[in-house]
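Please open the model in your viewer and keep the sequence panel beside it. The stops below go from one selection to the next, with a short account of what to look for at each.

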Amino acid sequence: MAAQRRNLMQSHQSWTDDLPLCQMCGVGTATNCVYGPDGKGTLSHPNEDGHLRFRGEDGCFLYGVFNGYDGSRVASFASQCLTAELLLGQLNSSHTDNDVRRILTQAFDVVEKSYFETIDDALAEKAHLSNYLLPHNENVSFHQLSPQSQKVQERLKELEQEVSGGATAVVALILNNKLFIANVGTNRALLCKSSSDGQNQVLQIGRPHSTDNDEELQRLAALGVDSARVRQAGQIAGQSCTRRLGDYRVKFNYNEIDLLSAAKTRPIISEPEIHGSQSLDSVTGFLLLMSEGLINALESAHGPEQANQEIVAMVAAELAQQTSLEAVAQSVVERVKRLHHDVYVSGRQRATYCSRHEDMTLLIRTLNYPLADGVLTPTQGGRIYPVSVPYSNSQSTSKTSVTLSLVMPSQNTLTNGTNTASTLEEGTPTPGQSPTATLQSTNTQTQSSSSSSGDGSLFRQRGSQAAQPDETGRVPPYVDFSQFYRLWGSDHSDSQSAQGGLGPQ
């Protein structure tokens with residue numbers, strides 16, 4: 001039976017082995033980490049995230065990020081099975097938007113049912129052995145069990161490891177140059193695009209299915225669940241998501257879970273929330289799919305208010321420097337990881353939220369967005385300009401700006417994102433004028449920042465002691481920009497003389 005289960009899981013992978021990877025996409029990852037008192041990190045479990053990025057026929061592209069927990073089995077199975085259910089002839093350019101949404105929903109349903117088929121025998125064996133063991137050995141320690149009962153107990157542990165675990169998923173499908181997002185759980189999709197008036201916008205597509213989502217709480221309440229208790233608890237069976245793939249405990253044994261025991265029917269579901277279609281015609285920008293671990297790490301370090309804008313700014317900065325999308329995605333993940341660590345060792349206000357982080361995955365899909373011609377530095381002809389980002393200190397709520405150097409694309413590229421919480425003011429470079437971009441933020445949580453360099457590091461570690469603002473709330477300079485102004489001035493000497501010089505005012 002175990003061999004049959006493995007064959008079923010492997011069959012999906014073999015069906016999709018020949019599908020081509022999308023070359024307009026890059027993925028960055030980082031494993032989970034728990035920090036010790038000395039700031040050194042250790043791995044608490046193997047990586048449980050998964051992803052997919054395939055190019056199908058008839059102009060169809062499929063991307064996904066899967067956040068696994070209690071093992072990687074569900075995330076791995078879902079990425080393989082979902083691909084097989086969507087890219088082996090099921091979709092074509094003649095399908096309407098309604099057809100696409102229906103096929104996406106059916107695919108998730110097949111993934112869920114197929115996964116439980118792979119563990120059906122193990123669940124049955126587990127139930128049988130539990131019924132044998134419990135009546136005969138209540139309140140008895142393992143060492144007091146008979147040899148036969150010890151073997152049964154060990155087998156039960158093996159079966160639990162085999163069947164436990166689940167995953168959340170965010171999937172992007174592009175067909176006929178239209179974008180569809182299917183979400184189950186607490187991962188995130190962001191679309192950054194430039195509008196016709198030249199402004200750059202960040203759109204978060206959908207809300208996470210979590211215990212603080214009002215619509216999800218209303219859905220649970222309609223099933224008889226006490227939504228107030230769910231909101232207060234913040235988690236259901238160890239996870240904050242109210243929709244998930246797999247996890248037999250909340251699918252088959254939910255009546256044994258206190259928070260869910262009053263439910264009339266299965267409360268934790270795998271049905272995706274589908275957004276789209278959204279036309280990508282004439283769109284310039286990029287799509288981001290992020291695992292919950294990446295989102296939580298950044299929000300733990302800097303607070304949730306500007307997380308979307310920060311991640312988009314990091315991506316834009318790396319796109320301006322890197323020649324590989326894989327390098328862009330990995331560099332951004334490393335930045336977030338470093339920011340999270342730096343906040344922990346700083347001992348500042350948010351350090352208590354940063355003692356650990358989960359696995360992190362970032363998928364970037366560009367949309368008519370050019371990569372840099374090379375990793376540009378000032379001496380190689382690159383254009384590095386200052387960009388102002390918000391800084392605040394735990395001892396002060398006044399908002400000030402710290403200047404960072406940021407490699408900017410030469411033209412027609414995105415530099416940052418906007419929504420109702422923040423705006424981007426862009427200056428178009430003119431002869432003798434340094435272009436700048438300012439992110440206005442209402443976040444008053446502690447943030448760390450530093451200058452970027454040719455190696456792509458926007459936020460360079462400055463040590464465990466943060467610079468303290470002066471009486472005006474400004475941080476003393478810690479980066480020497482004299483070479484920047486000298487090089488920029490030499491490139492623009494003619495216009496500079498006409499404009500009266502360049503340098504800090």
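**First stop: a five-stranded sheet**

Select strand 8 (residues 188-194) and strand 9, which run antiparallel and are joined by five bridges; strands here are DSSP runs of E with at least two residues, helices are runs of H or I with at least four residues, both are numbered from the N terminus, and two strands pair if DSSP finds at least two bridges between them. This is a predicted model, in which local features need pLDDT of at least 70 and side-chain atom pairs count only at pLDDT 80 or more, while totals for chains, interfaces and linings use all residues. Residues are numbered from 1 along each chain as its sequence is written, and side-chain values use heavy atoms, with hydrogens and water left out.

Within this pair, Leu191 stands opposite Leu203 in strand 9. Now widen the selection to the five strands of the open sheet, whose order is 1-14-12-8-9 with antiparallel pairing. Strand 1 (25-30) and strand 9 (200-204) stand at the edges with a single partner strand each, so one side of each has no neighbour in the sheet.

Next add helix 9 (residues 292-302), which lies across strand 8, strand 12 (285-290) and strand 14 (360-367) and runs at about 100 degrees to strand 14; axes are lines fitted to C-alpha atoms, for helices over the stretch in contact, and angles run from 0 to 180 degrees between N-to-C directions. Helix 11 also packs on this sheet, where it touches strand 1 and strand 14, a contact being heavy atoms within 4.5 Å.

**Second stop: helix 11 and its surroundings**

Keep helix 11 selected and add the open sheet of three strands, which has the order 3-2-13 and antiparallel pairing. Its edge strands are strand 3 (41-42) and strand 13 (356-357), each of which pairs on one side only. Helix 11 (residues 325-346) packs on this sheet as well, touching strand 2 and strand 13, and its direction makes about 20 degrees with that of strand 2.

Then bring in helix 10 (residues 307-319), whose axis comes within 9 Å of that of helix 11, the two crossing at roughly 135 degrees. That angle makes helix 10 oblique to helix 11, since angles under 35 degrees count as roughly parallel, over 145 as roughly antiparallel, 65 to 115 as roughly perpendicular and the rest as oblique. Among the residues making the contact are Ile311 and Met314 of helix 10 and Val328 and Leu339 of helix 11.

On helix 11, pick out Ala327, which is partly exposed, with a relative accessible area of 26%; buried means under 20% relative accessible area, exposed over 50%, and partly exposed in between (1.4 Å probe, protein chains only). Its C-alpha atom is separated by 8.3 Å from that of Val27, although the two residues are 300 residues apart along the chain.

**Third stop: the nonpolar cores**

Which residues touch the most other members of the largest nonpolar core? Select Phe66, Leu82, Leu86, Leu91, Phe108 and Leu173, which do so among its 42 residues; a nonpolar core is a set of buried Ala, Val, Leu, Ile, Met, Phe, Trp, Tyr and Cys residues joined through side-chain atoms within 4.5 Å. Helix 3 gives the most to this core, with eight residues. Centre the view on Leu82, whose contacts, not counting residues up to four places away in sequence, are Leu62, Phe66, Ala107, Phe108, Val111 and Val171. Finally, move to a second, separate core of 29 residues, which includes Leu288, Ile295, Ile311 and Met360.
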